[in-house]
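Open the model in your viewer and keep the selection panel at hand. The stops below go one at a time.

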Amino acid sequence: MLNPRLSAPFAALLAPLLLYGGALVSQFGFGLHPCEMCYWQRWPHQAAIVLALLALLMRANDHAMRGLTTLAAVAIAVSGLIGAFHAGVEYGFWEGITTCATGRAGPVSLDTIMDAPLIRCDTAPWSLFGISLAGFNAIFSLGAAALVLTLLRRRTTSAA
């Protein structure tokens, strides 16, 4: 059984791992190439994974563990907010970015740029029940952040 004291850091680790993993599976398994805003949503998840791992490593120091877990929850929420903004762009609620990006790293030649798929941030490559991947990221990330913060709060109130 999971130690209740560690439930929040484990949730803060599991949620971004699943969401980031899902993004990688959709990209490399199903060919859904990310746009620039999709990459923006991944960065806070990467930060949350590192913060949650640090929190679990610092479990001997309750104050440090709680602080790192809180920061991980904030990072997860930031990804959700970026996802909500991105979904709003996809649904045409507001204008998004107007630059282009490539998923290539390192030196990029003109041929590489011309051969790269054009990925627009204002077009959802996939949706389910009218909810895009960015919309699902917003829903799941904001829900996960709320869960982590609730688990942290429950731990505080039960200890008092």
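This is a predicted model. Start with Phe-140: its relative accessible area is 48%, and it is partly exposed because it falls between the 20% and 50% cut-offs. Add Phe-136, which counts as buried at 17% relative accessibility. The two rings form a stacked aromatic pair, 5.9 Å centre to centre with 20° between the planes. Both residues belong to helix 5, where they sit four residues apart, so about one helical turn separates them.

Stay on helix 5, which spans 133-159, and select Val-148. Leaving aside residues up to four places away in sequence, Val-148 touches Ala-8, Ala-11, Ala-12, Thr-69 and Ala-73. The largest nonpolar core has 23 residues, and within it Ala-72 and Val-148 touch the most other members. Helix 1 (7-29), helix 2 (36-57), helix 3 (62-90) and helix 5 each contribute at least two residues to this core.

Next, select helix 3. Its 29 residues reach 42 Å from first C-alpha to last, close to the 42 Å expected at 1.5 Å a residue. At the N-terminal end, Asn-61 acts as the cap, with a side-chain oxygen 3.2 Å from the backbone nitrogen of His-63. Then go to the other end: just after helix 3, Gly-92 has a positive phi of about 80°.

Finish with Tyr-91 and Phe-93. Which kind of aromatic pair do their rings make? The planes lie at 45° and the centres 5.8 Å apart, so the pair is tilted. Tyr-91 is partly exposed at 37% relative accessibility, whereas Phe-93 is exposed at 59%. A search of the whole structure finds two aromatic pairs.

Methods:
Residues numbered from 1 in each chain as written. Predicted model: local features only at pLDDT ≥ 70, side-chain atom pairs only at ≥ 80, totals over all residues. Heavy atoms only, no water. Core = buried A, V, L, I, M, F, W, Y, C linked by side-chain atoms within 4.5 Å. Buried < 20%, exposed > 50% of the residue type's maximum accessible area, 1.4 Å probe, protein only. Contact = heavy atoms within 4.5 Å. Expected span 1.5 Å × (residues − 1). Polar contact = N/O pair within 3.5 Å; in protein donor to acceptor, adjacent residues only side chain to side chain. Phe/Tyr/Trp six-rings, centres within 6.5 Å; stacked < 30°, edge-to-face > 60°.
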